[in-house]
Each structure stands twice: as C-alpha cells, then as structure tokens.
Amino acid sequence: DAGMVENQATAEGTTPNQSTVSDLSDDNSNVEDDVTITELCQSASIALIKVGTFNDEDQDGCSNVDETISYTFTVTNTGNVTLTDVTITDPLVAVIGGPITLAPGETDVVTFTATYTITQADIDAGMVENQATAEGTTPDQSTVSDLSDDNSNVEDDVTITELCQSASIALIKEVILQDADDNGCADEGEILFYTFKIKNVGNTVLTNIIITDPLVTVNGSPISLQPSEEDATTFTAEYAITEDDANNGFVANQATVEGTTPLDNLVTDLSDNDSYLEDEPTIFTNFCPVIFNEPGISLIKVATITDENENGCPDIGETILYTFQVQNDSNVELIDITITDPLVEVNGGPISLAGNAIDTDSFTALYTITEDDLFEGFIENQATVEGTDIDTGEVVSDLSDDDSFLEDDTTLVFFCPDDPAPPIISISLEKSGVFNDDNGDGIPQVGETISYAFNITNTGEVILYNITIEDPLPGVVIEGGPIEVLLPLETDDTTFTGTYAITQEDIDNGEVINQAVVIAEDGYGFEIATDESDDPNDPTDVDNNDDGEPDDPTVTVIPNVLGASFEIFNGVTPNGDGFNDYFQIKGIGMYPNNNVKIYNRWGVLIWETNGYDEGVNVFRGESNARATVEGDRDVPTGTYFYVLTFLDEGNLPEPPKNNYTGYLYINR
C-alpha cells in the first residue's frame with residue numbers, strides 16, 4: 001500500500017581502548033547516512049458482475065408493467081493494493097449499500113443491491129439492458145473503476161434481462177338492423193349495421209390494427225392499442241340485405257382483426273358475436289317471412305269420357321277429353337309453358353304464368369278409344385309440363401297427377417264391368433338348379449357352382465314387354481335378357497341363365513334354397529305382371545299369390561355331404577395330456593362296419609383295425625403290425641398315411657364315399 005519499504009541499519013565496533021564507534025547506514029556511500037528505500041510495484045484494479053432476475057409478482061408466467069427486476073452485484077478487488085471507499089453507481093437504478101473497503105482478492109456479494117420497475121417500453125423491447133460502474137480509492141488516493149459484466153470479472157458485457165412478450169388481440173362483431181319500414185324484421189334492401197370491439201389482450205403495444213371482412217367493406221383507419229386497451233368506435237360496416245339472404249333466412253359471417261407487434265410480427269383473431277374469448281360467427285336471423293322464390297311448376301291431368309251413346313261407359317271409337325291445370329309454385333314469373341303427352345297431342349300454349357297463378361283452360365287433348373284399349377282393360381298415361389324462369393332462364397318441369405298439384409300419379413280410365421271381360425294379364429316363372437361337380441371328385445367344395453335354368457311363360461292374354469328376372473340370392477349371377485316381347489302363351493327357356501358359387505354354409509346345409517321373381521311391363525313401360533318362381537321338381541305346389549301358378553322355392557341339393565357330426569382330424573400328439581392323444585374320427589360310431597389302415601412314409605403298414613370306434617378302438621401312435629421290430633412299438637414323430645374304408649351294412653346309414661384317405665401327423 002505504501003509503494004516501498006524504507007529502513008536504516010547501524011554498524012558498531014569496539015576500539016583497542018574499549019571505546020565504541022558506530023555509523024548509520026547509507027544506500028550507496030560511506031560518507032553519507034541516507035536511508036535504504038526498496039520500491040514495490042502497485043497494481044490497483046477492481047471488477048464488477050451485475051445479475052438481473054425478473055420477479056413475476058402476479059405469477060402469470062409473463063412480464064407486466066410495474067413488475068420488477070432484482071439486481072445483485074458481485075465486486076472483487078482484483079489488484080494488489082487495498083481499495084477504500086468502494087461504491088457502485090448505475091444509470092438505470094439507485095444502488096443501495098456501501099461504501100466498503102476491499103483487501104486484494106476480496107469479493108463482496110451482499111452489500112450492494114438494486115430493484116428496477118418494468119415499463120411498457122421494456123416489455124415492447126423484450127428486455128432490459130444496462131451496465132453499472134464500480135469505483136474504489138487506492139492508497140495513493142487515485143481511483144480505479146470497472147464497468148459491470150453479466151457473468152465474468154474479465155469482461156464488460158452489459159447485463160440483459162429478457163422479458164416475456166405475449167402479444168394477442170381479440171375481436172367482437174355485433175349487428176344491428178336499420179329497420180327502414182319499422183315492421184320489426186328484416187326485408188330485402190334494408191341495412192345491417194356492424195360495429196366492432198377490439199381489445200389488446202396481450203402485454204405488448206399493438207400498432208397498425210385493421211379489420212377485414214369477406215362480407216363487407218370495413219370503415220376506419222388503422223389504430224394502436226396499449227395492453228388491455230379497448231376500442232369500440234373506430235371501425236364500422238354496413239351491409240344491404242339481398243334476396244338470397246331473405247330466402248335463406250339468415251346472414252352469417254366473421255371478420256378478422258390483425259395488429260403488428262413491436263417485433264413486427266402479426267397477431268390475428270376471428271371475430272365472435274359477444275365474447276373476446278370465443279370465435280363464433282355473427283348471425284342475423286330476424287327476417288320477415290318471404291315467399292320462396294325458387295321457380296317451380298305443377299300439373300293436374302283430368303280425363304272426361306265423351307259418352308256419345310250415353311251408356312255411361314267408355315266404348316271403342318268414343319273419345320276422352322283431357323283437361324290440364326297448371327300451377328306456378330313460386331312468385332317468379334314463368335314463360336314458354338308447354339305440355340307434352342306420349343299418348344295424345346296437346347293443344348294450346350305456350351303460355352306465361354305470374355307468380356302463384358293457376359291456368360285451367362289453355363291446354364286440352366282428345367283421345368279416341370281403340371280395340372287394344374278395351375283388350376287392355378284400362379287407359380293409363382301421364383303428361384309433362386315445362387316452364388322457364390323469366391329472370392334466370394332456368395327450366396322447371398313436373399309430371400302430371402290425376403287430382404293434386406302435390407303428387408305425380410298417372411291418370412287412369414277403366415272400362416265398365418259390363419264391358420267384355422278385361423284380358424287376363426299373367427306370367428309364370430319356373431326355376432331349376434343343378435349342382436356342378438366342377439372338379440369331378442364327387443365331393444362338394446366351396447366355389448363349385450350351381451347352374452340355374454329359367455322357363456318363362458306368358459300365361460295371359462296380353463302381350464308382355466321388357467321382361468326381366470330378379471334373384472335375391474347373394475352372389476348369384478343372372479345373365480341374359482331382357483326379353484323384349486313375349487306373346488300370349490309363348491314360352492322362353494333360353495334367354496336367362498344363372499350361376500351361383502356355393503359357400504361353406506351351403507355345404508353345411510346340404511342344399512341351396514332360393515326364389516326368383518319375373519317382372520313384365522306393358523307397351524308404355526308400366527309394370528303389369530310379376531310371378532315368384534316355382535321349382536318344377538317340387539310337387540308341393542304352394543300358390544303364394546293366388547294366381548293359379550305354384551310358387552315353390554327352388555331347392556338344389558348338394559350331394560355327397562357328410563353330416564355335420566362326421567369329421568376326420570389329422571394330428572396326433574400321444575403325450576397323455578388329454579388332447580389329441582389318438583387319431584380322432586368324429587362320428588365314426590355311426591358307421592361301425594369300417595376298416596382303418598395306417599402306413600408309414602415308405603408304404604409299410606404299421607397299424608390296422610376293423611370297427612374303429614371313437615375313444616375305444618383307436619390308434620394311439622403305437623404299431624400293431626408284424627413288420628414292426630419287437631420291443632418298442634411307439635412309432636416316431638413324422639408323417640403317415642391313413643386309409644378309412646366303409647363297408648355296406650344293409651339298412652345302416654352309409655357315408656357318401658366308401659373310402660377316405662389322407663395324411664396323418666404324429667408329434668411326440
């Protein structure tokens with residue numbers, strides 16, 4: 001601390017006469033007495049570390065105005081002289097503590113502290129950065145100082161305390177009707193007035209805030225909002241109600257608000273109708289009732305017999321007067337309205353009809369009754385009306401009804417009961433099936449087929465047209481047809497065929513049962529006759545529809561199907577665990593007159609018995625043949641071959657095959 005060490009020595013000696021002589025030392029001369037001075041190096045220095053800690057006083061996980069940062073200071077004497085009057089100054093905060101004295105190498109971490117209150121500008125910047133200065137006085141009254149660092153004694157970086165930025169915005173869009181006619185509900189052409197409420201729900205200032213809306217043009221200039229600040233007056237919009245809106249009965253839409261953060265990022269929000277926390281569209285529904293304006297048209301066709309002979313019945317050569325009533329089903333004007341009818345030529349038109357109007361006298365038609373009509377027993381037909389929307393050009397149409405604008409029933413004229421008896425209209429279908437043993441092995445397998453033949457007869461007195469067959473059996477494929485024309489009493493047995501691939505369920509059932517339906521039309525395309533198929537091989541002849549024709553379902557037997565109780569298992573594990581300990585032939589007891597042989601893979605017979613009986617006389621993996629070497633009769637693990645033969649026992653049930661063969665696996 002003094003910068004030197006100074007001192008002086010004394011030399012003494014005794015003379016012969018015992019007197020004493022002495023001298024004070026000099027630093028470089030025998031004739032002087034200067035003190036000896038040794039100068040010492042003085043290296044004064046100081047270092048400061050400043051650390052900031054954010055205090056989340058409201059514990060919401062993010063920084064807010066008026067929350068604080070606590071600063072701690074670590075000051076160290078990094079020189080070799082004592083420092084006195086050590087102080088810390090900071091342009092950002094008032095530092096509490098000190099002054100202190102520090103010996104060389106000494107560190108102080110507790111004396112100096114400071115607290116800083118966060119401002120909005122700090123949050124917008126996303127941080128607080130600053131630097132403190134430490135000063136101390138050396139023994140020679142000079143001053144040493146150091147700018148603070150954030151974590152090191154050898155650097156001078158500023159201390160940066162990062163602050164959380166949570167930028168967010170919210171929008172509410174509300175609607176008010178400007179009810180021009182004061183009728184309490186919205187009409188086409190009236191105005192919807194939209195107001196917008198915006199709130200800055202984040203912790204940063206938002207600038208350049210604007211609102212966009214796909215439905216309307218939003219009025220209002222960009223604004224800025226402080227955190228938690230709201231604006232409910234800047235932005236507005238108006239919307240004129242359209243015809244489509246009135247027809248729909250509602251107007252629904254959403255606006256979008258966006259703002260710019262201090263870091264030039266964008267935040268957005270979809271509007272809600274009443275809350276800053278949700279994003280539901282704003283829906284206006286208070287519309288006045290309107291007439292549906294979609295174009296539509298309806299037609300009624302009425303038949304009146306011109307009974308020239310006044311017998312009260314339609315007769316050959318007499319006429320039917322058809323009259324037509326046309327209704328415009330909307331309030332849109334329809335033009336170019338015409339009526340067409342496949343039976344008659346319609347007179348009148350084209351006409352126009354105002355909205356919701358009805359025309360009853362513009363269109364008529366006459367039809368002369370023929371012998372064919374009398375033979376048919378009735379006259380049936382339907383007309384079609386078409387009209388054009390005057391505004392859009394859209395063409396609308398409707399099939400006629402006999403008495404209502406809301407239905408589309410055909411118009412029918414029947415002949416009197418006293419007239420010659422109407423012709424008989426009937427049809428008959430026979431369906432027969434044959435199982436195809438496609439691979440010729442005598443045993444039915446999944447995927448083998450049944451072929452169906454169809455015999456169709458017109459059993460009535462009327463020509464039948466467009467004859468088709470429907471068969472509900474899943475998987476059946478019907479080919480051929482339709483039969484264009486089938487004369488009375490004519491039979492067709494070649495047009496239609498059917499193919500069906502059998503399933504395991506069919507095999508288990510031992511048969512396939514199903515029934516087809518034949519459908520015939522008249523010359524106008526109307527269905528007039530149907531019949532459920534009959535199995536010609538079934539003498540039961542049940543008549544389901546009382547048409548005098550039998551309607552027995554077709555039963556196709558699948559031959560050579562063993563009962564569900566007969567099954568041969570091909571695995572043996574003779575280990576005494578009670579499972580597969582012997583060669584199991586389920587149901588063998590039904591056929592006691594049998595023979596079982598088992599061969600090894602070289603064709604050597606190793607086991608044989610007559611009267612194989614489940615659980616009693618069975619093969620358990622032991623040889624009983626003489627060819628086996630005496631001693632151990634257990635046959636080894638491997639593949640073997642079995643032959644099961646059934647013998648005729650007269651009246652006992654017989655399996656479908658005399659012999660069954662296959663591989664048998666033994667695993668020890």
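Reader: How many bridges join strand E51 to strand E52?

Author: In this predicted model, strand E51 covers residues 638–646 and strand E52 covers residues 659–666. The two strands run antiparallel. Glycine 638 stands opposite isoleucine 666 in E52. The number of bridges that join E51 to E52 is 8.

Reader: Which strands are the edge strands of the open sheet with the order E47-E52-E51-E49-E50?

Author: This open sheet has 5 strands, and the pairing is mixed. An edge strand pairs on one side only. That applies to the strands at residues 571–572 and 605–610, namely E47 and E50.

Reader: How many bridges join strand E15 to strand E16?

Author: Strand E15 spans residues 169–178 and strand E16 spans residues 191–200, and they run antiparallel. Isoleucine 169 stands opposite asparagine 200 in E16. The bridges that join E15 to E16 number 10.

Reader: What is the bridge partner of lysine 199 in E19?

Author: E16 pairs in the antiparallel sense with strand E20 (residues 236–240) over 5 bridges, and threonine 195 stands opposite threonine 236 there. E16 also pairs in the antiparallel sense with strand E19 (residues 230–231), over 2 bridges. In E19, the partner of lysine 199 is glutamate 230.

Reader: Why does the salt bridge between glutamate 174 and lysine 197 tie together separate parts of the sequence, and how far apart are those parts?

Author: The closest N and O atoms of glutamate 174 and lysine 197 are 3.9 Å apart, and a salt bridge requires a distance within 4 Å. Glutamate 174 lies in strand E15 and lysine 197 in strand E16, so the pair ties together parts of the sequence separated by 23 residues.

Reader: Are glutamate 174 and lysine 197 buried, partly exposed or exposed?

Author: Buried means under 20% relative accessible area and exposed means over 50%, with partly exposed in between. Glutamate 174 has a relative accessible area of 29%. Lysine 197 has a relative accessible area of 31%. Glutamate 174 is therefore partly exposed, and lysine 197 is likewise partly exposed.

Reader: What is the N to O distance in the salt bridge of lysine 301 and aspartate 341?

Author: Both lysine 301 and aspartate 341 are buried. Their side chains meet in a salt bridge, with an N to O distance of 2.4 Å.

Reader: Where do lysine 431 and aspartate 471 lie, and how many residues apart are they in sequence?

Author: Lysine 431 forms a salt bridge with aspartate 471, and their closest N and O atoms are 2.5 Å apart. Lysine 431 lies in strand E35 (residues 428–436), while aspartate 471 lies in the loop between strand E37 (464–470) and E38, so the salt bridge ties together parts of the sequence separated by 40 residues.

Reader: Is lysine 431 buried or exposed?

Author: Lysine 431 takes part in one of the 6 salt bridges that the structure holds. Its partner, aspartate 471, is buried. Lysine 431 is also buried.

Reader: Which proline follows glycine 349 through a cis peptide bond, and which one follows glycine 481?

Author: For the bond from glycine 349, omega is about 0 degrees, and the proline is in the loop between strand E27 (334–340) and strand E28 (351–353). For the bond from glycine 481, omega is near 0 degrees, and the proline lies in the loop between strand E38 (477–479) and strand E39 (483–486). The residues are proline 350 and proline 482.

Reader: What is the phi of leucine 489?

Author: Leucine 489 is in the loop between E39 and strand E40 (491–492). This leucine is exposed, at 66% relative accessible area. Its phi is positive although leucine 489 is a residue other than glycine, with a value near 70 degrees.

Reader: Is asparagine 356 buried, partly exposed or exposed?

Author: Asparagine 356 is in the loop between E28 and strand E29 (358–359). Its phi is positive, about 65 degrees, although it is not a glycine. Its relative accessibility is 42%, which makes it partly exposed.

Reader: How far apart in space are leucine 206 and proline 262?

Author: Leucine 206 is found in strand E17 (residues 206–212) and is buried, at 0% relative accessibility. Leucine 206 and proline 262 are 56 residues apart in sequence. From C-alpha to C-alpha, the distance is 7.0 Å.

Reader: Which residues gather in a patch of negative charge on the surface?

Author: One of them lies in the loop between strand E32 (384–389) and strand E33 (395–399). That residue, glutamate 394, is partly exposed at 38% relative accessible area. The patch is formed by Glu188, Glu243, Asp244, Glu294, Glu333, Asp391 and Glu394.

How values were computed. Residues numbered from 1 in each chain as written. Predicted model: local features only at pLDDT ≥ 70, side-chain atom pairs only at ≥ 80, totals over all residues. Heavy atoms only, no water. Patch = residues over 30% accessible without salt bridge, like charges linked within 9 Å, V, L, I, M, F, W, Y side chains within 5 Å. Areas by Shrake-Rupley, 256 points an atom, 1.4 Å probe, with all protein chains shown as cover. Lys, Arg positive; Asp, Glu negative; His and termini not counted. Charge placed at Lys NZ, Arg CZ, Asp CG, Glu CD. Helix = DSSP H or I, 4+ residues; strand = E, 2+ residues; numbered from the N terminus. Buried < 20%, exposed > 50% of the residue type's maximum accessible area, 1.4 Å probe, protein only. Pairing = 2+ DSSP bridges.
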